[in-house]
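Subject: The structure I promised you

Hi,

Here is the structure we talked about, so open it up and keep it beside you while you read. My notes on what turned up follow below.

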Amino acid sequence: MSTVSPRPGASLRDGDLVAALDLGSNSFHIVVAQRVLGQLRVVDRLRETVRMAEGLNALGGLAPEVRERALACLARFGQRVADIPRRHVRAVATNTVRQLRDPEAFLRPAEAALGHPIDVISGREEARLVYLGVAHEQPPAPDQNRLVIDIGGGSTECIIGRGFTPLERESLQVGCIASTRRFFDSGKLGRKRWQAALTEVELQFQQFAAPYRSLGWDEAIGTSGTHKAIGNICAAMKLGKGSITREGLAQVRERLLQAGRIEDIDLPGLSDDRRPIIAGGVLVLEAAFAVLGLEQLQVSKAALREGVLYDLLGRGGADDPRELSVAALMQRYGVDAAQAQRVESTALQLFDQVAADWGLGSEDRAMLSRAARLHELGLAIAHSSYHVHGAYVLQHSDIAGFSQQGQRFLAALVRSHRRSVAKSAFESIPDRLLGNARRCAALLRLAVLLHRARKDELPPGLRLHADGERLELALDRRWLHARPLLRADLEAEPDDMLGLGLQLHIAQD
């Protein structure tokens, strides 16, 4: 029997705690909530200014002092979540970690310091989670569209959604730290320099402005520290309460330019912590107002971390966004659902026989299930090397609900489910996932082989036993000898299985 953990939402009882961590390019955040009468009640929030984006260089390296600052913060956060069950904690990393030349060199010590895995999410997945957080904190009218803009340290996410569903998601490589460093690195603020920078940032928004404006929205909301800071400035300057207007933003910009230099900025309501990066934030927001034709923007307290919190509750159940994404991919690429179901059923049957011996858990089982349903996705591109095509699509698409590590896990299983196992198939898998990924790949290979005839039949008494790196598959002799093609495939499989670091033995009863 497998060691299967209950899904997060189903396992929560009154009094249980759940935590979400957001490793942003400017700040690291943690929010801890408790289940009370079926609802989540926030009981603790922590925030530290880390400024990861400040340490990112053009070659994708991270300055040592910034790296140490980040690790020290994660160690402190790790103390806060040390007593919360692993399945009730999720940490996500955003733009700066995405830009690192070697993310694993940072993630390995970061995960050790935190005591929990860290998921690196794509820009569009970040956008989905931001929208989810805003939607839960400020429930929308079901028949209205809502525009949400999140200006982070390294990137800006723009989402149009209806209800709790995002309809359009975009992520731009502009943020308060990145833009301040790029356009005002000398510390000087001037009108000519500002206008040139504004034109360049506006071009980024122009990429999607037309479809967004065509779809339209009934209200616009800004989230993240940049919007909160600008909202506080507007309130202190008596330019609006709880919102940012076009006129108010223009006055903030004029007051900012009057300073002449970043260190001389003196805006009411602006904290010392935010002063060094406010210029880039105002610049990006002004570009958004201009290109999207905004007149007013409400400021939300919710952000990515709240979205991660609520998303965590649905993972593993019928509302898991990853399951919806798999179904959408199967439909889009015309996957043979009957064959996918055969392979999935057999793969999971084999999984349940070896999970305890191999230490595989519920998340491994779920990923094997998804890979089984998607293993023939590449056939829509070409039959030749379709496993390679399918793996490429899975690794390089924006797939809602999946971290980058999750997509690479799926891609590795699909890439290695047939033919010889390429050495490169598992190169991008984190060390903590590598062993289980190889073992799940072996189970998928066997399930695919057993259903090469695309029939529902299975040998009577099918048994699989695992002992370390040794696998023994027991099959009925008469059943196998009646299928010479399958027998030939299985005779060749032990050699291919060595590519996964496993020794396969076929026993005939």
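First, a bit of vocabulary: helices (H or I, at least four residues) and strands (E, at least two) are DSSP runs, and they are numbered from the N terminus. This is a predicted model, so local features need pLDDT of at least 70 and side-chain atom pairs count only at pLDDT 80 or more, while totals for chains, interfaces and linings use all residues. Residues are numbered from 1 along each chain as its sequence is written, and side-chain values use heavy atoms, with hydrogens and water left out.

Let's start with Asn 95, which is found in helix H3 (residues 95–99). Is Asn 95 buried or exposed? Asn 95 is buried, at a relative accessible area of 4%; buried means under 20%, exposed over 50%, and partly exposed in between, using a 1.4 Å probe and protein chains only. The side chain of Asn 95 reaches the backbone oxygen of Gly 154 at 3.4 Å. That makes a polar contact, meaning a pair of N or O atoms within 3.5 Å; within protein, one must be able to donate a hydrogen and the other to accept it, and residues adjacent in sequence count only if both atoms are side-chain atoms. Not counting residues up to four places away in sequence, Asn 95 touches Ser 25, Glu 126, Gly 154, Ser 155 and Gln 173 (contact means heavy atoms within 4.5 Å).

Now the sheets. Two strands pair if DSSP finds at least two bridges between them. In general, strands of a sheet pair through backbone hydrogen bonds, either parallel or antiparallel.

One open sheet has five strands in the order E3-E2-E1-E4-E5, with mixed pairing. Strand E3 (39–49) and strand E5 (118–120) stand at its edges with a single partner strand each, so one side of each has no neighbour in the sheet. On average, neighbouring strands here are turned by 20 degrees against each other, direction ignored (axes are lines fitted to C-alpha atoms, for helices over the stretch in contact, and angles run from 0 to 180 degrees between N-to-C directions). Strand E1 (residues 17–23) and strand E2 (residues 27–36) run antiparallel and are joined by seven bridges. Within that pair, Leu 23 has Phe 28 in E2 as its bridge partner. Helix H11 (residues 304–314) packs on the sheet, where it touches E1, E2, E3 and strand E4 (89–93), and its direction makes about 135 degrees with that of E1.

Leu 23 and Phe 28 turn up again as contacts of Leu 74, along with Phe 106, Ala 110, Ala 113, Leu 114 and Ile 118, leaving aside neighbours within four places in sequence. Leu 74 sits in helix H2 (residues 64–81) and counts as buried at 0% relative accessibility.

The other open sheet to look at has six strands, ordered E8-E7-E6-E9-E11-E10, again with mixed pairing. E8 and strand E10 (243–245) are at the edges, each with a single partner strand. The twist averages 25 degrees from one strand to the next. Strand E7 (residues 156–162) runs antiparallel to strand E8 (residues 165–172), and seven bridges join them. Glu 157 stands opposite Ser 171 in E8, and Ile 159 stands opposite Arg 169 in E8. Two residues lie between the strands of this hairpin, and Gly 163 takes a positive phi near 60 degrees there.

Which residue lies 4.1 Å from Gly 281, C-alpha to C-alpha? It is Cys 176, although the two are 105 residues apart in sequence. Gly 281 lies in helix H10 (residues 278–292) and is buried at 0% relative accessibility.

On to the cores. A nonpolar core is a set of buried Ala, Val, Leu, Ile, Met, Phe, Trp, Tyr and Cys residues joined through side-chain atoms within 4.5 Å. The largest one has 62 residues, and Leu 368 and Leu 471 are among those with the most contacts inside it. Helix H17 (residues 431–450) gives the most to this core, with twelve residues. A second, separate core has 47 residues, including Leu 147 and Val 291.

Finally, the structure holds zero disulfides, a disulfide being a pair of cysteine sulfur atoms within 2.5 Å. For Cys 73, the nearest cysteine sulfur belongs to Cys 176, 16 Å away.

Cheers!
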